[in-house]
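User: I should like to learn how to read the features of a protein model that contains a ligand. Could we work through them one at a time?

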Amino acid sequence: MSNDFSIAVFISGRGSNLKGLIDGAKYFRVKGVLSDRAAPAGFGFATSSSIPTYSFPRESYASLQQQKDALYSCVDSLAPDLVVLAGYMQIVRADFVERWTGRIINIHPSLLPKYPGLDTHARAIAAGDAEHGCTVHYVAAEVDAGPIIAQAVCPVDPKDTEQALAARVLTYEHRIYPWVVNSIARGGVVLDDGEVRLDERALQEALAQQFIVGARYS
Ligand code: GRF
């Protein structure tokens with residue numbers, strides 16, 4: 001299958017979602033991995049697959065503005081088809097989001113709009129939620145906001161620790177993120193005038209995997 005469709009992945013740490021994307025790539029290829037950290041653990045997954053890595057640690061730049069400018073111009077020159085945030089901890093500046101609107105996505109470990117921000121698993125447990133999960137969405141300028149592409153729901157066990165729940169949600173993240181990126185890459189998911197639309201195949205695949213998704217192409 002063609003893998004002309006390329007993505008750039010932003011990470012800050014462990015990189016297990018990056019690994020899921022590398023392993024699950026059917027209709028795309030990972031063109032580069034970028035980070036706001038000097039040497040995030042996840043870079044190992046890129047280098048072992050011969051994928052170039054680019055690091056932009058804040059301490060190497062005179063200002064946050066300069067650090068972000070350097071990172072963003074690297075992405076612009078890589079010119080991927082899609083920017084994929086995967087455990088990227090730095091807030092992405094509004095001008096970059098604007099420039100990449102409809103071509104930048106994020107995964108967040110909660111059922112948005114519930115629990116944007118940090119400590120999502122602890123907050124779900126503290127609230128006594130019976131269900132928790134993860135969300136893949138197009139990125140908007142506000143943190144953890146933007147049109148939702150797909151969500152995976154998992155049960156919360158009343159005895160769950162934060163770590164146990166995080167580990168369970170992560171198994172869903174590793175399934176849903178490659179599926180979403182493959183679906184976008186083959187043209188089965190589009191952002192149409194601010195609305196996420198799926199083709200019949202994407203709808204059927206989502207149903208089979210019990211992902212929550214939006215509407216069909218009109
Ligand atoms: C994941 O839970 C992701 O949803 C969140 O940060 C975590 C990153 O994990 N945004 P990893 O670096 O992909 O292992």
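User: Which pocket is the space taken by the ligand?

Analyst: In this predicted model, the ligand takes up the space of the largest pocket. That pocket holds about 920 Å³ of space. It is lined by 38 residues, and those closest to its centre are Gly87, Tyr88, Met89, Ile107 and Pro109.

User: Which helices and strands each supply at least two residues of the lining of the largest pocket?

Analyst: Helix H1 (16–24), strand S5 (104–108), helix H5 (120–126) and helix H6 (162–185) do so. H6 gives the most, with five residues. By class, the lining comprises 19 nonpolar, 13 polar and six charged residues.

User: Which residues surround the ligand itself?

Analyst: A shell is read by listing residues with a heavy atom within 4 Å of the ligand. Here the list is Arg14, Gly15, Ser16, Asn17, Gly87, Ile107, Pro109 and Glu173. In this shell, two residues are nonpolar, four are polar and two are charged.

User: How far is an oxygen atom of the ligand from a polar side-chain atom of Glu173, and what are the corresponding distances for the side chain of Ser16 and the backbone of Asn17?

Analyst: A polar contact is a pair of N or O atoms within 3.5 Å. For Glu173, a polar side-chain atom lies 2.7 Å from a ligand oxygen. An N or O atom in the side chain of Ser16 is 2.5 Å from an oxygen atom of the ligand, while for Asn17 a polar backbone atom is 2.8 Å from a ligand oxygen. As for coverage, the ligand on its own has 370 Å² of accessible area, of which the protein covers 85%.

User: Let us turn to the backbone. Which peptide bond is cis, and which residue has a positive phi although it is not a glycine?

Analyst: The general idea is that most peptide bonds are trans and most residues other than glycine have a negative phi. In this model the bond from Leu112 to Pro113 is cis, with omega near 10 degrees. Pro113 is located in the loop between S5 and H5. The residue with a positive phi is Ser50, at about 60 degrees. Ser50 belongs to the loop that runs between helix H2 (43–47) and strand S3 (53–55).

Technical notes: Residues are numbered from 1 along each chain as its sequence is written. This is a predicted model: local features need pLDDT of at least 70, side-chain atom pairs count only at pLDDT 80 or more; totals for chains, interfaces and linings use all residues. Side-chain values use heavy atoms; hydrogens and water are left out. A polar contact is a pair of N or O atoms within 3.5 Å; within protein, one must be able to donate a hydrogen and the other to accept it, and residues adjacent in sequence count only if both atoms are side-chain atoms. Accessible areas come from the Shrake-Rupley method with a 1.4 Å probe; for residues, only the protein chains shown count as cover. On a 1 Å grid over the protein atoms alone, a cavity is a set of points where a 1.4 Å probe fits but cannot get out, and a pocket is an open set with protein on both sides within 12 Å along at least five of seven lines; lining residues have an atom within 4 Å of a point. A molecule sits in a cavity or pocket if more than half of its atoms lie within 2 Å of its grid points. Ala, Val, Leu, Ile, Met, Phe, Trp, Tyr, Cys and Pro count as nonpolar, Asp, Glu, Lys and Arg as charged, and the others, Gly among them, as polar. Grid points are joined across faces, edges and corners, and a volume is the space filled by probe spheres set on the points. Helices (H or I, at least four residues) and strands (E, at least two) are DSSP runs, numbered from the N terminus.
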